Amino acid sequence: MTAASSILGYGCVTAAGQGASALFDALATGRDCSWVPDTSRWPAPPAMPPRICTIPDELTARFAQATATTAAGRMAALLEAAWDEAREMSLLTGASSPNRAVRLGIIFASTKGCIEDYVWDKTASVESALKADPFSPIVELFLARTRLRPDRCLTISNACTSAHVALELASHWTAADVVDQVLVLSGDLVGPFIVDGFASLKSLAQDRVTPFGAGRQGIQLGEAATAILVGRGASNVAPLRLRALDTRAEGYALTRSNEAGATLEASCRATTDGAVPDAVIAHATGTPANDAMEDQVYGRLFGMPDQEQEGVEITATKWCIGHTLGASGAVDLIAAAESLRRRTLFAIANTSTIDPRFVTPRERYLTRGMGGARPALNSILVASAGFGGMHGTALVER
Amino acid sequence: MKPSETFVTELFHTSVQPFESEPTWAGKVPRWSQLDPASAAIAEAWHQWQDRGDLPHDFSPAVFMLAASEGSNRSDCGFARGGAFSPARFVSTLPSVNLSALLQVTGWVGPMYCIQNGPLSLASARTEAELFCRRGKGPVCIFGYETRGDPRVADCRVDVRCLIVGHLKS
């Protein structure tokens, strides 16, 4: 577990639009950003067209101009837009913008990067495909566009907990005093590769995603690019703190966690250290296995008929902007930050009936219509889980 | 912080696949025969090092790092070019999954960082490991690997390299 660093600024581009406000507004108003694309021109169209949450083309075009003809170019442009927002906020909050006086680290977190740029090219030799690098082209383009010159730069690819792992490493860098601030970038795009992959696992929902719901079917994939600046810096207004972070891997199974959620529970306990958060943004993919596992964990952690625990409310974002894979932890953290700033919680608007088999008292889950102002909202636990037995949690406070 | 405060032990193993017989760790990994070659090689290497006495049976690092210089390219390519999309292939299309079999064999739970900086992955992981150790968060066990061939087509060799980075107590 690593402790305490300040969130100096953040920004994002998601299917909800440009900016953290667009993300929060979609969540708070119950807007499901999914749609069914025309997949007929894909290299390998899936048997059933999926519901996905993509960043609108016109938004990408605005940022990227003519340069985003590749996935790498598109992602770099989206990351730059997210960074512009984060930088502006860091100036507003009083943190000095990264410049030569600030030792800056950059960590890029992603699962598949720009894989769509090369993976379907059957004319390329196997040898060249095996030498492909899905991440470096994105980072290089981002650095060229922004002219940032980091003192330390790394790419993390820890499945869907990549952003949590990157943020943990960022806290480690600042605690070790090798840099003053770390810009954690994360992003993943939706394309045939991951759609066909999740379709092969039969994990995609055909209808709207209903996390923790009685009839939940699976996930919808989403696109996002995020930028979160953490570290040292003066803060003038409503500072947000990443109080603690914890990530851990277990060797239970490749695609799912231990059903009882022992590792996620241990991570939650390490991060909260005995404190009870006001709310939880759950990983909540909408798959039967993930949501049942998380319910077990939250039931044990926050299910007691105790005044403090009764106040804990559980919500989620993936019903709205999709599962953004390596960026999902960062998207959830930004949603948490916006909730804390506004002291308002959003509901899981697609879900009206909680799975009756769940052990957590159902009133803990914020289902449709239950969001709204929470004047005493001060802390949110953000949970994440990923393939290969990865788990991550972060506690955000104002 | 002085660079001399850490020590590094290196271990090597070359795994040839398909295996001639069922590996001794196979019982702990469901559907082990479907594992990506790198995943199987890492689990096998750990077992071999323990058998040879290179690695104490009770060795448990504080942190694992995977220096994924070749990422999951082999699985990515196999999934996209392999005709019918195979769920068994898709679950290996994340580099961090390459450590999952070892974690199943050892029962280890803890922080794991999958670092993918192209050819610089191992050097980057070592730099990070040394930083962890200097902050008293070691030892760190780094795995790197290089795969040649495809066991579904012909013999495949995976060179596994392990760096154990620790802190020298004064």
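**Exercise 1.** Decide whether Cys268(A) is buried or exposed, and find which cysteine sulfur is nearest to that of Cys268(A).

*Solution.* In this predicted model, where local features need pLDDT of at least 70, side-chain atom pairs count only at pLDDT 80 or more, and totals for chains, interfaces and linings use all residues, side-chain values use heavy atoms, with hydrogens and water left out. Residues are numbered from 1 along each chain as its sequence is written, while chains are lettered from A and ligands numbered from 1 in the order in which they are written.

Cys268(A) has a relative accessible area of 0%, and buried means under 20%, exposed over 50% and partly exposed in between (1.4 Å probe, protein chains only), so Cys268(A) is buried. Next, the nearest cysteine sulfur, in Cys160(A), lies 17 Å away, and Cys268(A) is in no disulfide (a pair of cysteine sulfur atoms within 2.5 Å).

**Exercise 2.** Explain why Cys33(A) has no bond to Cys320(A).

*Solution.* The closest cysteine sulfur to that of Cys33(A), in Cys320(A), is 4.3 Å away, which is too far for a bond. Cys33(A) is also buried, at a relative accessible area of 10%. Over all chains, the search finds zero disulfides.

**Exercise 3.** Describe what each chain gives to the contact, and find which residue forms a salt bridge with Arg152(A).

*Solution.* With contact meaning heavy atoms within 4.5 Å, chain A gives 57 residues and chain B gives 40 residues. Across this interface there are two salt bridges (a side-chain nitrogen of Lys or Arg within 4 Å of a carboxyl oxygen of Asp or Glu). Arg152(A) pairs with Glu128(B), their closest N and O atoms being 3.1 Å apart.
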